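Biologist: I would like a close look at a single part of this protein, with enough of its surroundings to place it. Please go through it residue by residue where that helps.

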Amino acid sequence: MTPQIFFRTVAIAEAITWTLLLTGMFLKYIAEVGDWGVAIGGGIHGFVFLVYAVSVVFVGVNQRWKIGTIIVGLFSAVIPYATIPFDIWADRTGRLAGGWRREATDHPRDGSFVNVTLRFVLRHPVIVGAIVAVGVVVVFSALLVIGPPGGKA
């Protein structure tokens with residue numbers, strides 16, 4: 001899977017989960033059928049939002065985006081459906097072209113901690129995926145125990 005396909009998949013998923021969250025909010029505040037829609041849609045959207053944020057940084061480092069481009073990419077997740085235009089723009093301007101950088105080159109930034117970490121992740125996706133999965137379970141479990149901000153209404 002190329003950076004372009006990976007990024008597009010996550011950007012579209014993030015936009016779809018906005019629909020789930022907005023539908024849940026409609027059901028709660030307009031249709032007044034309870035908060036279950038927000039609980040489900042919000043949980044899914046929150047998870048995919050975090051995945052999108054990580055993918056922006058991950059792909060941005062791999063593609064050697066400027067920090068401003070990464071910040072705009074992150075900000076696009078805050079506005080409903082804005083990840084789609086950001087993805088289209090990034091693709092059209094060549095910011096998603098090329099493959100994953102699994103090996104070091106003579107580029108000045110390739111020796112940095114961030115780039116060394118990127119290459120480690122790309123070479124050991126199963127190990128890193130398992131560590132991330134455990135981390136996500138721990139964080140989500142802690143959040144479930146803590147409960148929503150402000151407590152139950």
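What follows is a request about one helix and a connected reply.

Biologist: Please take helix H3, residues 67-76. Which residues of H3 are buried, which are exposed, and what do the buried ones pack against?

Modeller: The model is a predicted one, and that applies to every value below. I begin with the setting. The protein has 6 helices and 0 strands, and the order of elements from the N terminus is α-α-α-α-α-α. Its C-alpha atoms fill a box of roughly 60 × 35 × 25 Å along the principal axes. Of its 153 residues, 27% count as buried. Taking contacts between residues at least 6 apart in sequence, 64% join residues at least 24 apart.

Now to H3 itself. The buried residues in this helix are Thr69, Ile70, Gly73 and Ser76. Viewed down the axis of H3, they fall within an arc of 120°, so they line one face of the helix. Ile67, Ile71 and Phe75 are exposed, on the other side of H3. The partners of the buried residues are H2 and H4.

Glycine 73 is one of the residues on the buried face. It counts as buried because its relative accessibility is 0%, and the cut-off for buried is under 20%. Setting aside residues up to four places away in sequence, glycine 73 touches Tyr52, Val56 and Phe86. Helix H2 spans residues 36-62, and helix H4 spans residues 83-92. As for a glycine further along the chain, the C-alpha atom of glycine 98 is 18 Å from that of glycine 73, with the two positions 25 residues apart in sequence numbering.

Ser76, also buried in H3, leads to threonine 83. Threonine 83 is in contact with Ser76, and also with Ala11, Glu14, Ala15, Tyr52 and Ala77, when its neighbours within four places in sequence are left aside. Tyr52 thus appears in the contacts of threonine 83 and in those of glycine 73. Threonine 83 belongs to H4. With a relative accessibility of 0%, threonine 83 counts as buried. A polar atom of its side chain lies 2.8 Å from the backbone oxygen of alanine 11.

H2, one of the two helices against which the buried residues of H3 pack, has a further partner in H5, residues 113-123. The axes of H2 and H5 come within 10 Å and cross at roughly 105°. That crossing makes H2 roughly perpendicular to H5, because angles of 65 to 115 degrees count as such. On the H2 side the contact involves Phe58, Val61 and Asn62, which meet Val114, Asn115, Leu118, Val121 and Leu122 of H5. Sorted by class, this contact has 6 nonpolar, 2 polar and no charged residues.

Asparagine 115 of H5 is a residue of that contact. At 6% relative accessibility, asparagine 115 counts as buried. Not counting residues up to four places away in sequence, asparagine 115 touches Val61, Arg101, Arg109 and Asp110.

To return to the request: the buried residues of H3 line one face and pack against H2 and H4, while Ile67, Ile71 and Phe75 are exposed on the other side.

Terms used:
Residues are numbered from 1 along each chain as its sequence is written. This is a predicted model: local features need pLDDT of at least 70, side-chain atom pairs count only at pLDDT 80 or more; totals for chains, interfaces and linings use all residues. Side-chain values use heavy atoms; hydrogens and water are left out. Axes are lines fitted to C-alpha atoms, for helices over the stretch in contact, and angles run from 0 to 180 degrees between N-to-C directions. Helices (H or I, at least four residues) and strands (E, at least two) are DSSP runs, numbered from the N terminus. Angles under 35 degrees count as roughly parallel, over 145 as roughly antiparallel, 65 to 115 as roughly perpendicular and the rest as oblique. Contact means heavy atoms within 4.5 Å. Ala, Val, Leu, Ile, Met, Phe, Trp, Tyr, Cys and Pro count as nonpolar, Asp, Glu, Lys and Arg as charged, and the others, Gly among them, as polar. Buried means under 20% relative accessible area, exposed over 50%, partly exposed in between (1.4 Å probe, protein chains only). A polar contact is a pair of N or O atoms within 3.5 Å; within protein, one must be able to donate a hydrogen and the other to accept it, and residues adjacent in sequence count only if both atoms are side-chain atoms. The arc is that of the directions from the helix axis to the C-beta atoms.
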